[in-house]
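Here is a note on the model, set out as numbered points. Please read it with the structure open.

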Amino acid sequence: MSIWIHGYGKLKQVINHLFEKVYSFLDKKRKLTILLVTVVLLISVFRLFSASFNNDVELMLPKDAEFSRSLKFLRESDFSDKIVLSLHLKGEDKTVADLIKAADQLKNSLKSPLIRKIEEGIVENEVLGDIEEFLGYVPQIVSAEDLFAVEKEINPKNVKERLKQGYKNMLSMNSMFMKYFIQNDPLGFKTKYLRKIKDLAESIGYQAQFKHGHFVSIDEKNVMLILSTSVLITDSANARKLINHIREQIKLLPDYIDVDIIGGHLHTISNEDILKRDISKTVFAVTLILLILLILVFRSVRALLVFIIPAAAIVISMNIASMTMGSLSPFVVGLAAVIAGITVDYGIHIYLAMQSGGMEKVNKIAKPILVGVFTTMGVFASFFFSSIYGFQQFALLTNLSIIVSIFFYLFILPRLFYEKKKRIPFAKMSFRNKHHILGDRAMVLLWIIILSAFVLFSQNSTFSNDIRVYDGSSKSIFDAEERFRKMWGANNEFAMLVAQAPSKEKVLKVNEALNMQMKKSFRSKEFSSIADIYPSLETRAKNLSRWDLFWKNKHGEELGTLLREQGSDYGYSEDAFKPFFDSLYTSHREDAKLQDPKLLDRVKRRFLQKTEGGNYAITYFPDKKVFVDKAREISSKMADAFVISRNSMAKSISESAGQEVKKLSWIAGLLIVILTILLLKSIRLTLLALLPVVTSIFMIIGGFSLLGYSLNAPSMIAILVVAGLCIDYGVFMVYDCKFKLEARTFLAVTLSAATTIAGGSVLLLATHPVLFYVGVTMAIGIFSGYLAAAFVIPACYRLWISPGGTR
């Protein structure tokens with residue numbers, strides 16, 4: 001420790017010498033200095049207009065290879081860009097025909113380049129027209145196991161039962177329709193693959209039926225349209241245009257139709273609107289406080305510069321940071337701008353010092369200001385140790401802003417304000433913490449009692465990793481989603497087992513291998529895969545050869561004999577099944593082998609994806625831990641397969657972010673203690689300076705517990721901000737007690753805390769949960785930290801430390 005302190009003494013001499021040189025130069029070159037500062041600021045503002053920002057959410061998330069791959073897939077695929085419109089029939093005197101008519105009207109009116117395609121259901125006539133083609137395709141997907149099952153069905157008893165059932169169906173149903181199926185598939189082993197397509201088509205997770213070419217709910221009160229758009233979920237500008245267009249067309253629908261819009265785009269727009277509204281409230285409140293300070297306290301328009309400097313600092317710092325770390329995250333810029341505003345506290349101290357005694361007083365408070373600057377920078381420097389690149393940007397941008405601000409406050413502001421024979425106008429207000437109602441011992445005892453109580457309350461505190469805290473969308477959006485789930489039975493969330501390969505053929509082979517493993521670990525109804533009805537070309541060719549060999553090797557002749565013998569009992573002619581036998585030996589033709597049936601097109605869009613990153617085949621299963629664990633075990637054995645679980649991703653992100661913030665909190669706390677000891681060079685003074693920090697932390701944790709709130713990542717980050725502010729209050733009050741600065745320190749600390757508390761308190765009215773939790777943290781932390789600094793530190797100093805210095 002002594003070596004560190006000795007080193008600090010050398011550093012202090014160098015800094016003092018540097019300060020003298022800078023002060024001397026600026027005194028001689030005042031006009032040049034102002035000109036240079038103006039030029040730098042103008043250049044920075046000009047460059048800001050051409051600056052690019054990186055909206056990639058991955059910047060703000062912990063580094064994880066698996067997560068990055070999943071996010072890349074979701075971003076490049078067409079899952080997140082979909083919007084669902086759910087039309088609800090209100091009128092009791094209206095029918096499903098009226099509902100479908102309204103859906104068609106809405107579909108035809110949605111003419112926007114942002115909408116690529118609208119799915120409304122399956123048109124029955126089109127499906128029937130494609131069935132013949134699909135039945136000719138079936139031999140390509142019949143596996144060896146399937147043929148073994150077919151072989152068992154070729155017996156007199158089964159054939160007779162099938163023909164009997166076919167005869168009944170022709171009498172009770174559409175005879176032409178049923179006649180076609182009986183003639184082309186008398187035993188029904190081709191038709192079962194149609195049921196597989198139906199099952200896959202219905203595995204979208206909704207309880208829907210296809211009626212008149214539309215997705216219709218079971219109660220026939222709702223119709224669904226699915227919009228494929230070209231708008232990324234993070235593109236707020238185009239998302240707003242798209243949603244506004246949809247809403248305008250919805251207004252034209254009949255009064256008996258309600259429409260719910262479901263999609264991530266709404267969350268993007270709503271979060272943006274709510275954040276803007278909440279920030280506007282905060283800006284208004286801070287502006288009002290600024291005007292009150294200017295009118296009642298500072299009484300000088302020039303004092304406005306004290307509050308402008310942080311804005312100028314963030315503009316200059318953004319340019320420097322972007323040159324070193326590339327495009328910045330807008331979230332980082334916004335958060336750093338708020339933190340940069342904290343440096344106004346230093347400006348208030350310097351302004352009041354100049355009012356008290358000019359540059360002599362400024363020189364006196366320069367040291368505590370620099371101690372506060374270094375400790376505050378230490379808090380934000382802890383973010384450099386984060387694995388989250390956005391946090392590293394935040395650390396650089398925040399510390400640059402603090403450095404630029406303090407340079408302006410210490411070296412530029414005094415030369416703009418101070419004149420040797422003229423004092424700065426200031427209200428005749430005297431704030432000095434010389435006495436308080438309670439004695440020193442009573443004050444310290446009261447503090448110990450209150451702090452001890454909150455320490456006990458903090459034992460019941462909890463930490464929440466719920467990622468939903470970042471979503472401040474309006475209640476109407478969540479209500480619409482809940483109605484949608486009830487109307488369409490969309491209660492099940494699906495996870496995905498994704499096969500990846502550079503070519504379509506290769507990805508289909510990987511998907512076949514995954515499908516075989518899934519069948520071993522899952523029941524058939526627990527997952528949906530296209531592998532059984534759309535294997536690779538290589539597999540299809542093998543299946544065709546096996547099919548051809550199977551029927552030529554006695555099975556075809558045996559089945560023909562049974563159909564003739566058993567069919568006569570039900571009036572079937574000898575050539576009734578000629579279409580079936582004609583197709584047995586022609587389905588292996590080269591032209592048929594290479595063509596995909598149109599009936600699969602709709603299914604393939606959901607199970608196969610092609611992006612810039614390659615080709616993907618997707619298997620769906622319930623997004624529950626037990627299934628996700630099984631799928632991950634399967635994917636772990638294959639390099640070109642991975643699992644995407646929204647629930648697991650959300651939990652993983654939340655836990656990683658929580659752990660990241662906790663780690664940074666420990667680093668920040670350690671840096672605060674080390675820097676304060678080095679800069680104050682006294683254990684006792686350090687302990688006193690840390691009182692506001694310790695007080696605010698336990699008050700926040702205990703306060704959250706009392707209010708029934710759980711701590712979360714936003715509140716933890718806000719605690720770091722509070723710690724950075726409170727250590728400043730502690731340092732200034734310790735210096736004021738020890739050196740009798742007579743620079744209106746108590747008033748400066750009071751005004752600094754008041755402005756921060758007022759700004760933080762406004763956030764208590766915020767709608768967005770992130771801002772609300774930050775507001776609660778700031779209000780509790782700054783208020784308790786200020787009280788500890790303003791009243792407890794002086795009392796402890798008088799009781800513990802002699803008037804002449806440390807004991």
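1. A first place to look is K681, which sits in the loop between α25 (646-680) and α26 (683-707). K681 is not a glycine, yet its phi is positive, at about 60 degrees. With a relative accessibility of 39%, K681 counts as partly exposed, because that value falls between the 20% and 50% cut-offs.

2. The model is a predicted one, so confidence should be read alongside the geometry, pLDDT being the predictor's confidence in each residue. The mean pLDDT of the chain is 80, and 83% of the residues reach 70 or more. Among the elements, strand β6 (residues 257-262) has the highest mean pLDDT, 93, and helix α22 (residues 590-593) the lowest, 50. Over residues 419-435 the pLDDT is below 50. That stretch nevertheless has 36 contacts in the model beyond near neighbours in sequence.

3. As to the overall make-up, the chain has 807 residues, of which 51% are buried. It contains 29 helices and ten strands. If contacts between residues at least 6 apart in sequence are taken, 83% of them join residues at least 24 apart.

4. A second residue with positive phi is K554, where the angle is near 75 degrees and the residue is again not glycine. K554 is found within helix α20 (residues 537-567), whereas K681 is in a loop. K554 has a relative accessible area of 54% and is therefore exposed, the cut-off being over 50%.

5. Which residues does S710 touch, not counting residues up to four places away in sequence? They are T462, S464, F704 and Y773. S710 belongs to the loop between α26 and α27. The C-alpha atoms of S710 and T462 are separated by 5.1 Å, although the two positions lie 248 residues apart in numbering along the chain. S710 counts as partly exposed because its relative accessibility is 26%.

6. Helix α27 (residues 713-739) packs against helix α15 (residues 359-381): the axes come within 9 Å and cross at roughly 160 degrees. An angle over 145 degrees counts as roughly antiparallel, so that is how α15 and α27 are described. The crossing of α15 past α27 is right-handed. On the α15 side the contact includes I365, P368, I369, V371, V373, V379 and F380. On the α27 side, L720, V721, I727, V731, F732 and Y735 are among the residues met. By class, this contact has 13 nonpolar, four polar and two charged residues.

7. Helix α27 also packs against helix α28 (residues 745-762), with axes 10 Å apart and an angle of about 170 degrees. These two helices are therefore roughly antiparallel to each other as well. Here the crossing is left-handed, whereas α15 passes α27 in a right-handed one. From α27 the contact involves L725, Y729, F732, M733 and D736. From α28 it involves T745, F746, V749, S752, A753 and T756. The residues divide into seven nonpolar, three polar and one charged. F732 is worth a look, being listed in the contact with α15 and also in the contact with α28.

8. Is V498 buried or exposed? V498 has 0% relative accessibility and therefore counts as buried, the cut-off being under 20%. V498 lies in strand β7 (residues 494-501). Leaving aside neighbours within four places in sequence, V498 is in contact with F73, Y616, A617, D640, A641, F642 and I644. Y620 is 122 residues away from V498 in sequence, with a C-alpha to C-alpha distance of 8.8 Å.

Definitions and conventions: Residues are numbered from 1 along each chain as its sequence is written. This is a predicted model: local features need pLDDT of at least 70, side-chain atom pairs count only at pLDDT 80 or more; totals for chains, interfaces and linings use all residues. Side-chain values use heavy atoms; hydrogens and water are left out. Helices (H or I, at least four residues) and strands (E, at least two) are DSSP runs, numbered from the N terminus. Buried means under 20% relative accessible area, exposed over 50%, partly exposed in between (1.4 Å probe, protein chains only). Contact means heavy atoms within 4.5 Å. pLDDT is the predictor's confidence in each residue, from 0 to 100. Axes are lines fitted to C-alpha atoms, for helices over the stretch in contact, and angles run from 0 to 180 degrees between N-to-C directions. Angles under 35 degrees count as roughly parallel, over 145 as roughly antiparallel, 65 to 115 as roughly perpendicular and the rest as oblique. A crossing is left-handed if the near helix is turned anticlockwise from the far one by less than a right angle, and right-handed if clockwise. Ala, Val, Leu, Ile, Met, Phe, Trp, Tyr, Cys and Pro count as nonpolar, Asp, Glu, Lys and Arg as charged, and the others, Gly among them, as polar.
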